[in-house]
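Welcome! Open your viewer, switch to a cartoon view, and let's take a walk along the chain together.

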Amino acid sequence: MVANLFLLLAAGTLISAGVYLVLDRAMTKMMLGLMLIGNGANLLILQAGGSAGAPPIMGRKSLVHEDANVADPLAQAMILTAIVIAMALTAFILTLAYRQYRYRTADVIEDDLEDAAIAARPATASAAPDHDASDDPDTGRVTSEGDAFGPKSFEAPVKGEVDD
């Protein structure tokens, strides 16, 4: 099998440019990067399919390829499937970008401060989050008060009549 050097360079260029764009913070650049990576992968699959040949139909010959050299239909089917999946992924990312534009009118994705606070916690079991309000609800950081954090009404018994 002889590979086409131009198509291999084009696939490498598309994938590297796509990775560069995916690492950016703008949603539209990420979408373009994913599209470029998908197109570069399609070119690689095309190269992996081998050289051109006669159509993969029983009993049909080509004028150019009159011998028994038949093109591999699997690569063509995989590329067609990848195109459909890339189109669906692009539509999904476009809806996410439109939703973000409707709420914030900004395209840049910012850091999530709550995720950063959770990631900054120590990995020990005593610092793990619990469900009894021992963390500060505003910052998410562990407090020195421990389980006594919060209004006293949380710990007080309910006063009143009990219905049976």
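Start with the whole protein chain: read along the sequence, its pattern is α-α-α-α. Keep in mind that this is a predicted model. The tally of secondary structure is four helices and zero strands.

**The whole chain**

Now switch on a surface view. The protein chain exposes about 12700 Å², and carbon and sulfur atoms supply 66% of that area. How much of the chain is buried? Buried residues make up 17% of the 164 residues. Among the contacts with a separation of 6 or more, 41% come from residues 24 or more positions apart.

**Stretches named in the record**

Next, colour residues 6-23, 30-54 and 74-98. UniProt, in an unreviewed entry, gives these the feature "transmembrane region". Select residues 6-23 on their own: this span is 94% helix and 0% strand, and its end C-alpha atoms lie 26 Å apart. Then move to residues 74-98, where the span is 100% helix and 0% strand. Here the end C-alpha atoms are 36 Å apart.

**A greasy spot on the surface**

Select Leu5, Leu8, Leu9 and Leu44 and show their side chains. Together they form a nonpolar patch on the surface, with about 370 Å² of accessible area. Which helix gives the most to the patch? Helix α1 (residues 5-22) does, with three residues.

Zoom in on Leu9, which lies in helix α1. Is Leu9 buried or exposed? Leu9 counts as exposed because its relative accessible area is 53%, and the cut-off for exposed is over 50%.

**Along helix α3**

Now select residues 73-104, which make up helix α3. You can check its length with your viewer's distance tool. At 1.5 Å a residue, the 32 residues should span 46 Å, and the end C-alpha atoms are indeed 46 Å apart, so the two values agree.

Within α3, highlight Ala75, Ile79, Thr90, Ile93, Ala97 and Gln100: these are buried. What do the buried residues of α3 pack against? Their partner is α2 (27-48), so show that helix too and look at the two side by side. As you look, remember that an α-helix has 3.6 residues a turn, so residues three or four places apart point the same way.

Finish just after α3, at Thr105. Its backbone takes a positive phi of about 55°.

How values were computed
Residues are numbered from 1 along each chain as its sequence is written. This is a predicted model: local features need pLDDT of at least 70, side-chain atom pairs count only at pLDDT 80 or more; totals for chains, interfaces and linings use all residues. Side-chain values use heavy atoms; hydrogens and water are left out. UniProt positions are given in the numbering used here, feature names are shortened, and annotations may be inferred rather than shown by experiment. The expected span of a helix is 1.5 Å times one less than its number of residues. Buried means under 20% relative accessible area, exposed over 50%, partly exposed in between (1.4 Å probe, protein chains only). Contact means heavy atoms within 4.5 Å. Patches are made of residues with over 30% relative accessible area and no salt bridge: like charges are joined within 9 Å, nonpolar side chains (Val, Leu, Ile, Met, Phe, Trp, Tyr) within 5 Å. Accessible areas come from the Shrake-Rupley method with a 1.4 Å probe; for residues, only the protein chains shown count as cover. A salt bridge is a side-chain nitrogen of Lys or Arg within 4 Å of a carboxyl oxygen of Asp or Glu.
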